[in-house]
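Here is a friendly walk through one protein model, written to be read with the structure open beside it. Please have your viewer ready.

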Amino acid sequence: MHILLFGGFLGSGKTTTILQVARQITEARQETVAIIENEIGDAGVDDKLFQGSGIQVRPLFGGCVCCQITSDLVTAVNEIYQTINPDWLVVEMTGLAIPGNIVELVNKYCSAFATFKTVTIVDGGRWTELKEVLEPLVVAQVEKSDLVIVNKSDIAGPDLKTTVADIKALVGQVPVLTASATVPLSLTLLKEVFQIE
């Protein structure tokens with residue numbers, strides 16, 4: 001089972017990107033995908049969208065993002081591996097989570113995966129603004145990623161080049177790609193980045 005963990009601030013386009021990737025995996029590769037949605041609050045906003053796509057969803061709600069939900073996530077990963085055993089498990093973290101912290105927990109308490117990679121989605125039009133207000137959070141979200149996708153590049157305007165350069169300075173050799181609703185992410189690019197056959 002390959003795990004792709006998607007992080008990124010609220011409204012960055014994680015759900016849309018996840019659905020694009022899941023559709024490409026199921027249609028182009030003919031492989032199975034399970035999705036865990038990790039959301040704050042009593043009810044998920046995006047779980048109905050996922051259910052309408054025909055892709056299996058395991059929503060996780062409530063509690064502390066760093067403690068209770070992450071321990072539930074470890075349980076969910078192990079349970080999905082034992083009961084469904086999909087080719088791919090896609091995890092959507094809440095917009096307030098730091099993917100690097102989740103990776104440490106899953107690596108420590110799970111052995112049910114062949115590869116485990118993190119993808120952080122950044123809103124290309126709001127990066128500068130969010131960094132000014134929430135710098136510790138948004139910087140921590142990209143710093144330990146295996147791939148950063150600067151999303152909404154079609155509406156980011158002239159700030160796009162600055163945003164990409166700023167993120168590249170933070171992540172070093174980590175690939176930084178751009179995507180939008182009109183130019184969706186290619187599964188081939190994900191394959192090349194993650195070296196998954």
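The report below looks at strands, then helices, then two single residues of this predicted model.

## Strand S1, covered on both sides

Let us begin with strand S1, which spans residues 2-7. Six of its six residues are buried, so S1 is largely enclosed by the rest of the structure. If you look at the two faces in turn, His2, Leu4 and Phe6 lie on one side, while Ile3, Leu5 and Gly7 lie on the other. Both of these faces are covered.

S1 has parallel partners to look for. Five bridges join S1 to strand S4, and the two run parallel. Six bridges join S1 to strand S5, again in a parallel arrangement. Phe6 is a handy residue to follow here: it stands opposite Glu92 in S4, and its bridge partner in S5 is Val119.

## Strand S4, the neighbour of S1

Strand S4 covers residues 88-92, and five of its five residues are buried. Trp88, Val90 and Glu92 point one way from the strand, whereas Leu89 and Val91 point the other way. Glu92 is thus a buried residue of S4, and it is the one that faces Phe6 across the pairing with S1. One step along, Leu5 of S1 stands opposite Val91.

## Helix H6 and its two sides

Next, please turn to helix H6, residues 159-171. This helix has 13 residues and reaches 18 Å from its first C-alpha to its last, close to the 18 Å expected at 1.5 Å a residue. Which residues of H6 are buried? They are Leu160, Thr163, Val164, Ile167 and Val171. Seen down the axis of H6, these buried residues fall within an arc of 95°, so they line one face of the helix.

The other side of H6 has a contrasting character, with Lys161, Thr162 and Ala169 exposed. What covers the buried residues includes strand S5 (115-123) and helix H5 (127-143), together with strand S6 (147-151) and strand S7 (176-178). Just after the helix, Gly172 takes a positive phi of about 65°.

## How H5 packs against H6

Two packed helices are described by the angle between their axes and the distance between the axes. For H5 and H6, the axes come within 11 Å and cross at roughly 35°. The crossing of H5 past H6 is right-handed. On the H5 side, the contact is made by Trp127, Thr128, Lys131, Val139, Val142 and Glu143; on the H6 side, by Thr163, Asp166, Ile167, Leu170 and Val171. Among these H6 residues, Thr163, Ile167 and Val171 also belong to the buried set of the helix.

## Two buried residues to visit

Asn151 sits in strand S6. With a relative accessible area of 8%, Asn151 is buried, because that value is under 20%. Leaving out residues up to four places away in sequence, Asn151 touches Ser12, Gly13, Thr17, Ile121, Val122, Asp123, Gly124, Ala179 and Ser180.

Our last stop is Ala76, in helix H3 (residues 68-83). Is Ala76 buried or exposed? At 0% relative accessibility, Ala76 counts as buried. For a view of its surroundings, find Ile36: the two residues are 40 apart along the chain, and their C-alpha atoms are separated by 8.0 Å.

Conventions
Residues numbered from 1 in each chain as written. Predicted model: local features only at pLDDT ≥ 70, side-chain atom pairs only at ≥ 80, totals over all residues. Heavy atoms only, no water. Helix = DSSP H or I, 4+ residues; strand = E, 2+ residues; numbered from the N terminus. Expected span 1.5 Å × (residues − 1). Buried < 20%, exposed > 50% of the residue type's maximum accessible area, 1.4 Å probe, protein only. Arc of directions from axis to C-beta. Contact = heavy atoms within 4.5 Å. Pairing = 2+ DSSP bridges. Axes fitted to C-alpha atoms, helices over the stretch in contact; angles between N-to-C directions. Left-handed = near helix turned anticlockwise from the far one by under 90°.
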